[in-house]
Amino acid sequence: MRSFKFLSKEKIFKLPKSTGVYCFKNNKEILYIGKAVNIGERVKNHFHPHTITLFGVGVKQPTYRDNLFINQVFKIGYLKTDSEIEALILEASLIKKYQPKFNIVWRDDKNYFFVVKTKDDFPRIFITHQLTKDVEHVGPFVDGKALKETLKVLRKVFPYRSCNKLPKRPCLWYQLIRCPAPCLLKSKLAEQIFNLEQKIKKECQKNTENVMKILKGEKIQVLKDLKKEMKKSALKQDFEKSAKIRDQIINLEKVLAHSKIFESLEIEKGDNWTKIQSILQKILKVKGKISRIEAYDISNIQGKTATGSMVTFINGKPAKNFYRKFKLKMQGKPDDIAMIKEILNRRFKHLEWGLPDLILIDGGKAQFNAAQSTISNQQLVIPAVALAKKKNELYIRGKKPSTRAKLGAGPVPHRNEVSGAGKPILLQSLPRDIFNLILQLRDEAHRFARKYHLKLREIDLGLK
């Protein structure tokens with residue numbers, strides 16, 4: 001196991017600004033271990049809690065119960081990691097090794113979090129506080145929220161079963177491609193697919209094994225095994241399997257490097273939303289309130305059974321009574337631009353739903369411009385942004401229109417006055433609360449659109 005690099009507390013300014021794990025030590029023992037996105041800033045906050053400024057808005061850092069041990073600290077240790085997920089895993093292993101007495105949460109067994117893998121034919125993975133002898137486990141972990149987020153992103157790469165009892169029919173996890181769905185074996189469809197049971201069993205076992213290895217810190221070994229398996233499949237000319245493994249490798253490296261897990265994606269109401277709204281206003285260069293945000297996405301296969309979704313968040317919280325789904329009239333060819341325009345035009349026929357303060361589109365520059373022109377043609381002035389998947393780039397308007405009128409509040413901009421997309425902003429460069437909010441909106445719109453799309457496909461295939 002890696003060892004801490006130590007500095008005297010007088011040299012706190014030399015701590016790295018990278019993601020990793022840190023510790024506080026007196027002359028004899030390690031007192032406390034923590035993890036951080038920015039080690040240097042996080043350690044400073046233990047000694048000097050203060051207010052920081054984001055986009056001109058003062059944000060008060062939370063207070064800590066550091067007076068229990070901070071006066072005993074003589075040395076500060078640190079270990080850099082490549083990602084937040086690696087920091088979470090390393091923190092757990094180091095706390096287990098050193099058992100620092102001021103990691104107070106560890107004094108009560110109820111606060112331990114373990115990830116468990118069962119040993120049956122179709123193993124499942126879940127988080128628990130209590131261990132039994134008939135399971136494989138990894139942990140304990142301290143941060144339950146970060147652990148849940150880690151499993152959520154790993155499940156995108158390695159779908160696994162989490163249900164206690166197999167349902168009679170596939171659930172939403174199967175529809176989202178997050179579970180191999182051994183429950184399919186109960187359906188009539190299973191009899192028509194050769195060797196389905198063995199395929200599902202192998203996928204369940206392999207995926208859960210890889211998840212557990214990563215949580216134990218064996219990322220490099222998992223990647224090596226996947227690359228070896230990909231080459232083997234290619235030599236056998238099983239190119240479909242080889243391509244699937246290639247995608248797993250790419251996605252695994254991506255989520256391990258870029259996933260933000262140290263803060264819950266849920267955004268609190270009240271004062272925190274006031275702060276978030278202020279930052280959004282500065283980013284978008286608008287003065288009006290931003291309370292209601294609508295996010296849109298499209299789901300289809302080469303234009304077939306095309307569906308669209310509208311999800312609504314109010315003050316950062318999902319407002320599911322305002323969710324809407326659309327069965328697109330345009331079918332048969334994949335045309336995201338035309339589909340975005342159709343959804344927005346149909347949505348704006350329903351002013352009784354109320355109007356959003358901000359619109360988020362899943363897509364890049366073309367989708368952004370399509371949304372802007374549609375909003376203008378509807379004689380509305382509503383800020384819009386678009387999030388491109390490849391690099392998580394956020395497109396906003398290039399320059400401010402000459403008028404800021406809203407419907408019924410004066411003259412509206414001519415369509416030619418609506419500015420096009422400016423240079424995109426990397427989402428990861430924005431404050432954490434904004435990063436989390438935008439991703440949560442995008443993912444929820446994607447989930448809702450895909451759920452409806454899969455339902456229509458099942459109907460077309462006669463499965464319902």
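These legends walk through several close-up views of a predicted model. Residues are counted from 1 along each chain as its sequence is written, and side-chain values rest on heavy atoms, with hydrogens and water left out. Since we're looking at a predicted model, local features need pLDDT of at least 70 and side-chain atom pairs count only at pLDDT 80 or more, while totals for chains, interfaces and linings use all residues.

**View 1. A four-stranded open sheet with the order 1-6-2-3.** The pairing here is antiparallel; two strands count as paired if DSSP finds at least two bridges between them. Helices (H or I, at least four residues) and strands (E, at least two) are DSSP runs, numbered from the N terminus. Strand 1 (5–8) and strand 3 (30–36) sit at the edges with a single partner strand each, so one side of each has no neighbour in the sheet. On average, neighbouring strands are turned by 25 degrees against each other, direction ignored; the axes are lines fitted to C-alpha atoms, for helices over the stretch in contact, and angles run from 0 to 180 degrees between N-to-C directions. Six bridges hold strand 2 (residues 20–25) and strand 6 (residues 75–80) together in the antiparallel sense, and V21 stands opposite L79 in strand 6.

**View 2. Helix 1 and helix 2 packing on that sheet.** Helix 1 (residues 39–47) touches strand 2, strand 3 and strand 6, and its direction makes about 35 degrees with that of strand 2. Contact means heavy atoms within 4.5 Å. Helix 2 (residues 84–98) also touches strand 2, strand 3 and strand 6, with its direction at about 170 degrees to that of strand 3. For a residue to pick out, try E41 in helix 1: its relative accessibility is 30%, so E41 counts as partly exposed. (Buried means under 20% relative accessible area, exposed over 50%, partly exposed in between, with a 1.4 Å probe and protein chains only.) The C-alpha atoms of E41 and S18 are 9.5 Å apart, with their places 23 residues apart along the chain.

**View 3. L7 in strand 1 and its surroundings.** L7 is buried, at a relative accessible area of 19%. Leaving aside residues up to four places away in sequence, L7 touches K14, L15, F74, K75, I76 and Y78. L7 and Y78 are 71 residues apart along the chain, yet their C-alpha atoms are separated by 8.5 Å.

**View 4. Aromatic rings and the charges over them.** Ring pairs tie F4, F6 and Y98 into a cluster. Rings of Phe, Tyr and Trp (its six-membered ring) pair if their centres lie within 6.5 Å; planes under 30 degrees apart are stacked, over 60 edge-to-face and the rest tilted. By this rule, there are six aromatic pairs. The charged end of K25 sits over the ring of F6, 4.9 Å from its centre; the rule asks for NZ of Lys or CZ of Arg within 6 Å of the ring centre and within 35 degrees of the ring normal. Elsewhere, R292 lies over the face of F322, 4.5 Å from the ring centre.

**View 5. A three-stranded open sheet with the order 8-7-9.** This one is antiparallel too. Strand 8 (125–128) and strand 9 (135–141) take the edges, each with a single partner strand, so one side of each lacks a neighbour in the sheet. Strand 7 (residues 113–118) and strand 8 run antiparallel, joined by four bridges; K117 has I125 of strand 8 as its bridge partner. Helix 5 (residues 196–215) lies across strand 7, strand 8 and strand 9, at about 150 degrees to strand 7.

**View 6. Strand 14, a buried strand, and its crossover to strand 15.** Five of the five residues of strand 14 (residues 358–362) are buried, so the strand is largely enclosed by the rest of the structure. L358, L360 and D362 point one way, I359 and I361 the other. Strand 14 runs parallel to strand 15 (residues 384–388), with four bridges joining the two, and I359 stands opposite A384. From strand 14 the chain passes through helix 10 (residues 365–377) to strand 15, in a right-handed β-α-β crossover. Right-handed means that, with the strands pointing away from the viewer, the path from the first strand over the helix to the second runs clockwise.

**View 7. Positive phi at A181 and K285.** Most residues other than glycine have a negative phi. A181, however, has phi near 60 degrees; A181 lies in the loop between helix 4 (172–175) and helix 5 and is buried, at 1% relative accessible area. K285 also has phi near 60 degrees, in the loop between helix 8 (271–284) and strand 10 (292–301), but K285 is exposed, at 57%.
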